[in-house]
Amino acid sequence: MKLMTSLIGLAALFASGAAMADDGGLFQPKTIMFLIFVIGTLGITYWAAQRTKTAKDFYTAGGGITGFQNGLAIAGDYMSAASFLGITALVYSSGYDGLIYAIGFLVGWPIIMFLMSERLRNLGKFTFADVASFRFQQTPIRVFSAFAGIAIVILYLIAQMVGAGALIQTLFGMSFEVSVVIVGILIIAYVTFGGMLATTWVQIIKAVLLLSGATFMAVGVMYLSNFSFETLFQNAVENHAKGMDIMYVGGLVKDPISAISLGIALMFGTAGLPHILMRFFTVPNAKEARKSVFYATGFIGYFYILTFIIGMGAVAFVLGNPQYFSDGKMIGGNNMPAVHLAHALGGDFFLGFISAVAFATILAVVAGLTLAGASAISHDLYANVINPNATEQNEVRVSRVATVVLGILAIYLGIAFQSQNIAFMVGLAFTIAASTTFPVLIMSMFWKDMTTRGAVIGGTLGLISAVAMVVMGPAVWVKVLGNAEAIVPYSNPALFTVAIAFVGIWLFSKIDNSARAAIERELFEAQFIRSQTGIGAEGASKH
Amino acid sequence: MDQSMVNKIKAMPQFQQLVAERSRLAWTLSAIMLVAYYGFILLIAFKPEVFKIVVMGQYTMLGFPLGVGLILLAFVLTGIYVRKANSDFDELTQQIRDEVKQ
C-alpha cells in the first residue's frame, strides 16, 4: 500500500511539474501523452513490484519472458533516442552515410544469434559474468567483468542522460536540470520497485510506440512521394545543398582502417553490451533465447530502414520550410529533423506523440542500463566476491541500493557533462565492449585452453588499449582536449584493441601452467556439454 | 555434472551429430554475414564509385538496394538458423536429455 501511495504521489508530482513547464500547460497533446505514459508505466511498476520477490525475479523477471516479448524488449533496449534522432539527423545531413552507419548497428545481431545466444542462456544465470565464471576463478573474473561492465554502462549512461536532458528541454520546455532529475527519479522507481519485470515491460511498450510512430512517419513520407522511392529521392536531391551527393557514399568513411575499425566496434560491441547480454537470462530456455534474437533482428532492421526513409523525408519535406528554422538554423538543434517531420506530417497531435515516444525511449534505455550496472555491483561484486555468504534478501537489498546510487550518479553525471563534448562516449562504450566482454565471453565458450589468467590479463589489455587509443585519437585528443593533432590517427581503434584483447587472452592462457589452469581446461568439457544441451541450466521460476 | 555423465553424453551419437551440425551451420551463416558486411565496407573504402551506378530511374543508385539488402540478409540468416534449430537441433537435444534421464 505504501508503494502504491508513493507511486501515485510521484505521478502527481510530474503532473504539476509538467503543468508548470510550458506556456500551453497541462492540456497540450504532448503533456497529456507524456502523463499517460508516466502513469501507465508507474502502474506497471506497481504490478511488477508485487511479483518481484526473489533475486531471480529482480534480475531476470523470474526467467519467464517469452521469446517474442524479449525480442521486443531487446529492440526497445537497443533503439535509443540517440539512434532514432541521431541516425535520422545523419541521413538528413549526409544522406546515404546514415544508412551505412545504421547497418553497422544491425550486423552484430546475426553473430550474436549464431555464436552466442543459446550458449549464453544455457550457461548464465543473472549476469554475463556468470557465463565466464563457470570454469574460471570467481574473484578475479567477477571483479574484471564488473569493472568492464560498469565502465560501459556509465559511458552509455552519460551519453543517454545528456541527450535526454537536451531533448526534453527542447520538447517540453523544462530546464535541463529538471529534465535530467525527472528521468533519474522515474528509472529509480521502475528498477528498484519493479526490477527486470517492470524494466522489460517499459522496454516492450516503448518499442511498440517507437515502431508504430516511425512506421506512421515513413508511410506519411511515402504517401507524400506517391509511394515511389524515385520521387522521394528526387525531392530530397533537389532540396539538399549537396544535391546528388546525398545518394552515395560521402565523407563518413575516410580511410579503409577507420571503416573496418568502425565496423568491428559496432558489430562486436553489440555482442558485449552488459544490458543487452542480461536480456538473454530473462527467457526460460535456449529456444526462446534464439527466438528473441530473430524477432529483435527483424524489429531493429525494420526500424533502421524506416529511419532512412524518415531522414530522406526530412530532407524532402522539412528542409527549406521556414516554420522549422530561425536564422538559417534548425529550431532545437541538429538532432531535430525527425521531430519537425513529425509535426509536418501529423500536426501538433502527432508531434506530441513523437515527443512522448522520445521520452519513453530514453527511460527504457536508461532503466536497462541502470539494472545492468546494479546487477554487476550486487551479484558479481557483493554476492560473489565481498560477501559470498550473503542471503538472497541481502543481495536484492544491495541491488536496490545500487540502483538508487546509480540513478543519482546518472543525474549528477548528466548535469556535470551537460556542456561537454560527449560525442565520443557511445563509440568508446562500443569499443570497450568489443575489446573486453566480447573476447572474454566468446573465447571462454569456444576455446578449451583459456584460463582465468588469460581472461583477466587479455581483457584488461583490451580495456586499457581501448581507453588509451580513444583518448589519444581525434575524438578526445583534438575535439575535447583541444590539441592540434591526434597521436592516434584513427577515429575508431577497435581493429587494434580487439586484436590486442584476443592475442592477450591467447598468449597468457598458453603460458599459464598453474595447477588451477589445468582444472579450468578440464572443466571445459562439462561447460561445453551444458552450453550445447542446456542440461543443468537455469530454468524459469514457477510463479 | 560429474565426469561419468560427461563421458556418457560425449559418447552419444546424437550429441556428436548435434555439435557437428550446429557448428557447421553457425559458422557458415556467420561467414556469410561477415563476408557480406565487410565486403560492403571494403567496397565503400576502395571502390566507392560502384555506389554511383544508377539502378532505377535517375536517382535510385546501387547503394540503396545494397544497404537494404544487407539488412534483409541479416534477418533472413537469423530466420534460417531458428528454423533449422527449432526442428533438428531441439529434437536431438531432447533425445539426449531423455537418454540421460533414464
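This is a short tour of a predicted model, going from chain A as a whole to its contact with chain B and then to a few places inside chain A.

**Stop 1: chain A as a whole**

Start by selecting chain A and colouring it by secondary structure. You should find 22 helices and 2 strands. Along the principal axes, the C-alpha atoms of chain A fill a box of roughly 75 × 60 × 45 Å. The radius of gyration is 23 Å, which agrees with the value near 24 Å that a compact globule of 543 residues would have. If you colour by burial, 65% of the 543 residues in chain A come up as buried. Contacts tell you about the fold too: among those in chain A with a separation of 6 or more, 83% join residues 24 or more positions apart.

**Stop 2: where chain A touches chain B**

Now bring chain B into view and select the residues in contact between the two chains. You will have 44 residues from chain A and 43 residues from chain B. On the chain A side, the elements that give two or more residues are α6 (96–106), α7, α11 (229–239), α12 (256–270), α14 (286–317) and α22 (515–533). Which of these gives the largest share? Select α14(A): 10 residues of the chain A side come from this helix. Colour the chain A side by class and you get 29 nonpolar, 9 polar and 6 charged residues.

**Stop 3: a helix pair across the two chains**

Stay at this contact and select α7 of chain A (residues 108–123) with α3 of chain B (residues 63–101). Their axes come within 9 Å and cross at roughly 10 degrees, so the two helices are roughly parallel to each other. To see what touches, show A:W109, A:P110, A:M113 and A:F114 on α7(A), then B:A74, B:L77, B:T78 and B:Y81 on α3(B). Sorted by class, that contact has 7 nonpolar residues, 1 polar and no charged ones.

**Stop 4: α6 of chain A**

Next, select α6(A). Is this helix enclosed or open? Since 11 of its 11 residues are buried, α6(A) is largely enclosed by the rest of the structure. The buried residues include A:Y96, A:D97 and A:G98, as well as A:F105 and A:L106. To see what surrounds them, show α5 (81–94), α7, α12 and α14 of chain A, and add α2 (13–46) and α3 of chain B; the buried residues of α6(A) pack against these helices of both chains.

**Stop 5: a crossing inside chain A**

Keep α12(A) on screen and add α17(A), residues 424–435. The two pack at an angle of about 65 degrees, with their axes 7 Å apart, which makes α12(A) roughly perpendicular to α17(A). Their crossing is left-handed. On α12(A), pick out A:I264, A:A265, A:L266, A:F268 and A:G269; facing them in the contact are A:G427, A:F430, A:T431, A:A433 and A:A434 of α17(A). Here the classes divide into 7 nonpolar, 3 polar and no charged residues.

**Stop 6: two loop residues with positive phi**

Most residues other than glycine have a negative phi. For a first exception, go to A:A61, whose phi is near 55 degrees. This alanine is in the loop between α3 (55–60) and α4 (67–78) of chain A. Then move to A:F227, which has a positive phi of about 55 degrees and is found in the loop between α10 (176–224) and α11 of chain A.

Which of the two is buried, and which exposed? A:A61 is buried, with 29 other C-beta atoms within 10 Å, whereas A:F227 is exposed, with 11.

Methods: Residues numbered from 1 in each chain as written. Chains lettered and ligands numbered in written order. Predicted model: local features only at pLDDT ≥ 70, side-chain atom pairs only at ≥ 80, totals over all residues. Axes fitted to C-alpha atoms, helices over the stretch in contact; angles between N-to-C directions. Helix = DSSP H or I, 4+ residues; strand = E, 2+ residues; numbered from the N terminus. Parallel < 35°, antiparallel > 145°, perpendicular 65-115°, else oblique. Contact = placed C-beta atoms within 7 Å. Nonpolar A, V, L, I, M, F, W, Y, C, P; charged D, E, K, R; others polar. Rg over C-alpha atoms; globule rule 2.2 N^0.38 Å. Buried ≥ 20, exposed ≤ 12 C-beta atoms within 10 Å, placed from the backbone. Left-handed = near helix turned anticlockwise from the far one by under 90°.
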